[in-house]
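Hello,

Here is the structure I said I would pass on. Please have a look at it before reading my notes underneath.

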Amino acid sequence: MQHFPIFLNTRGERVVLSGGGEAALAKLRLLTKTEADLHVYAADPHADLQTLAAEGRITLHSRAAQAGDFAGARLAYGANEDHAEDTRIKALAEAEGALVNIVDDLHNSQFITPAIVDRDPVTVAIGTEGAAPVLARAIKRDLEERLPASLGLLTRIGKAFRKAADALPMGKKRRDFWAEYYFDKGPKALAQGEDSARTALEELLTRHLDAVPEPGEVAFVGAGPGDPEMLTLAARRALDEAETIIHDGLVSPAILELARREALMIDVSKRGFGKSTPQDAINALLVGHALKGEKVVRLKAGDPVIYGRLDEELDALPPHGIATRILPGITAASAAAASLGQSLTKRGRNSDLRFLTGHDTKGFTEQDWSALARPGNVAAIYMAKKGARFLQGRLMMHGAAPDTDVTVVENASRPEARILHTTLAALPDTTEGLEGPAVLLYGLAPRDAADALELKVAQ
């Protein structure tokens, strides 16, 4: 992000614009909606500028800007549509401490003015770093169609009521009150007029002040393999509503970015053979925050019902009367197989599919190695990077062919994903040095590799 988005308070602040033509007018159509002290400098001002001056909306100076005109200005705009003159304006403004924007010249601008959806006091700003103004305008048009014109009035009524609403305690009770006003009671009442909306607010406040606090709940949410596009709609909704999010270390930053800004984020990473958050501490966090009446999301990478220690956490909650729900996610094995262009099951190849873990709380895990070693079998093996040599030894000891396909998929579904196709004989060397979460697909090769092998055999 090159340009940091902010909302600047311009009430009573000096803002200077140099230019007298169409570009200046276009910029003023937005600036005159602010409460800034607008000064326009133009040797030959457009007639519409003179009209704005007559209406008292700008102070018009019928001359070119000069040294001293930018003193004390918060913002300065060069809209002369003349490179030499705008370069002169830029130098003057910078020398006198104003931030400068040169219209249609991103390189020489210290800030940019985004496309804006105006539902005063609700303002939505859309920027593309100057890369795609056409896209910004399309998004603006879409938002304007979605946001009703009455939204501004609804917000102004709510703003005037904020002091009364402070009778509610900060946090969940106050957020619930405003959510019900803006998304339910308010719009319905406003349809009957402003007085109805104000009355609805008063009645709503009384009801919320008298309401008995609802108990909290814990939602166990599958974050999927890492790509935000693979989140379920239910998972997105849970993240939007969560007041506390207790998440695994393997949950991707892109997923965590979807949580609302005021949510409390708690990292309870568990790393094999490394520093980990004790399970008892995680259970205590879940219970503690839920008993405060909070909506808690326990965010687990992949699917919480697959190697997520779900049962241990579920068992900790019912004794405290805490409600729970489980929202499944896409497991890493599915995303990894999709990245290979392969199916995890195939008629004539494997009649079963095994999900295995490379290690558990006691160390490397034992499996039915003889059954797994038979030709054609397929398994998705989680948490197996450290145990690759152990897996190789057990499988080959029970008859698995050294040239059995194994594909390691690191960071499945993410931009930094890597697909490493190898054989059982070379598996330990392949997993050496991998740092991201990885799943081993035993008995599978990428589709291209499989096609090449079939072609070779046919010849």
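The notes below cover one helix and one strand.

Please keep in mind that this is a predicted model.

Helix α5 spans residues 151-160, and its buried residues are Leu 151, Gly 152, Leu 154, Thr 155, Ile 157 and Gly 158. Their cover includes two strands, β6 (115-119) and β7 (122-126), together with the helices α6 (162-165), α7 (172-190) and α8 (194-210).

I looked further at the packing of α5 on α7. The axes of these two helices lie 11 Å apart, at an angle of about 120°. Because angles of 65 to 115 degrees count as roughly perpendicular and those over 145 as roughly antiparallel, α5 is oblique to α7. The crossing is right-handed. On the α5 side, the contact is made by Leu 153, Leu 154, Thr 155, Ile 157, Gly 158 and Lys 159; on the α7 side, by Trp 178, Tyr 181, Tyr 182, Gly 186, Pro 187 and Leu 190. Sorted by class, this contact comprises 8 nonpolar, 3 polar and 1 charged residues.

Now the strand, β16 (residues 379-382). In a regular strand the side chains alternate between the two faces of the sheet. In β16 both faces are covered, with Ala 379 and Ile 381 buried on one side and Ala 380 and Tyr 382 buried on the other.

β16 pairs with strand β13 (residues 354-357) in the parallel sense, over 4 bridges; here Ile 381 has Leu 356 opposite. With strand β19 (residues 438-442) the pairing of β16 is antiparallel, also over 4 bridges, and Tyr 382 has Val 439 of β19 as its bridge partner.

Regards

Notes
Residues numbered from 1 in each chain as written. Predicted model: local features only at pLDDT ≥ 70, side-chain atom pairs only at ≥ 80, totals over all residues. Heavy atoms only, no water. Buried < 20%, exposed > 50% of the residue type's maximum accessible area, 1.4 Å probe, protein only. Contact = heavy atoms within 4.5 Å. Pairing = 2+ DSSP bridges. Axes fitted to C-alpha atoms, helices over the stretch in contact; angles between N-to-C directions. Parallel < 35°, antiparallel > 145°, perpendicular 65-115°, else oblique. Left-handed = near helix turned anticlockwise from the far one by under 90°. Nonpolar A, V, L, I, M, F, W, Y, C, P; charged D, E, K, R; others polar.
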